[in-house]
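This briefing concerns a single protein model and sets out its fold, its core and a few individual residues. Please consult the sequence and the structure shown here alongside the points that follow.

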Amino acid sequence: SDGSDDAEVERAMKGVLNKLTIERFDVLFQQLTCCGLRSAEHVESLMIEVFDKATMQHHFIGMYASLCARLHLWFVEESP
């Protein structure tokens with residue numbers, strides 16, 4: 001895939017994760033699923049970011065677990 005597109009997806013993804021809170025979860029989850037995630041590299045990068053955030057922000061660990069569960073369902077539904 002195009003490197004500039006990948007960088008743009010990664011920037012958008014990180015931007016959404018940086019704003020993620022329990023109160024804004026649904027809105028930001030929707031933004032995350034619309035930011036262009038489409039390759040194995042995108043998913044790997046997303047999971048690294050989520051893991052890093054979950055291990056540094058222990059009080060939000062439940063929210064990150066919910067994010068992973070919701071993302072799993074979304075990927076299953078979106079796969080061809």
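Beyond its neighbours within four places in sequence, T33 makes contact with L71 and W74. T33 itself belongs to helix α2. The model is a predicted one, and the points below are grouped by topic.

**Selected residues**

- T33 is buried because its relative accessible area is 10%, and the cut-off for a buried residue is under 20%.
- E77, by contrast, is exposed, since its relative accessibility is 63% and the cut-off for exposed residues is over 50%.
- E77 is located in helix α4.
- Between the C-alpha atoms of E77 and S39 there is a distance of 15 Å, the two residues being 38 residues apart along the chain.

**Overall fold**

- The protein contains four helices and zero strands, and the order of elements from the N terminus is α-α-α-α.
- The radius of gyration is 12 Å, close to the 12 Å given by the globule rule for 80 residues, so the protein is as compact as a globular protein of that length.
- Taken along the principal axes, a box of roughly 35 × 25 × 20 Å holds the C-alpha atoms of the protein.
- Among contacts in the protein with a separation of 6 or more, 68% are between residues 24 or more positions apart.

**Nonpolar core**

- In soluble globular proteins, nonpolar side chains tend to be buried together.
- The largest nonpolar core in this model comprises 19 residues, and those with the most contacts inside it are L17, L20, L32, L37, L46 and L67.
- Two or more residues of this core come from each of α1 (3–19), α2 (25–33), α3 (40–56) and α4 (61–78).
- The element that gives the most to this core is α4, which supplies five residues.
- L67, once its neighbours within four places in sequence are left aside, is in contact with L17, L20, F25, F29, L32 and V50.

**Burial, surface and charge**

- Of the 80 residues in the protein, 31% count as buried.
- The accessible surface amounts to about 5,100 Å², and carbon and sulfur atoms make up 58% of it.
- The protein carries 7 positive and 13 negative side chains.
- The centres of these two sets of charged side chains are 7 Å apart.

Terms used:
Residues are numbered from 1 along each chain as its sequence is written. This is a predicted model: local features need pLDDT of at least 70, side-chain atom pairs count only at pLDDT 80 or more; totals for chains, interfaces and linings use all residues. Side-chain values use heavy atoms; hydrogens and water are left out. The radius of gyration is taken over C-alpha atoms; the globule rule is 2.2 Å times the number of residues to the power 0.38. Buried means under 20% relative accessible area, exposed over 50%, partly exposed in between (1.4 Å probe, protein chains only). Contact means heavy atoms within 4.5 Å. Accessible areas come from the Shrake-Rupley method with a 1.4 Å probe; for residues, only the protein chains shown count as cover. Lys and Arg count as positive and Asp and Glu as negative; His and the chain ends are not counted. The place of a charge is taken as NZ of Lys, CZ of Arg, CG of Asp or CD of Glu. A nonpolar core is a set of buried Ala, Val, Leu, Ile, Met, Phe, Trp, Tyr and Cys residues joined through side-chain atoms within 4.5 Å.
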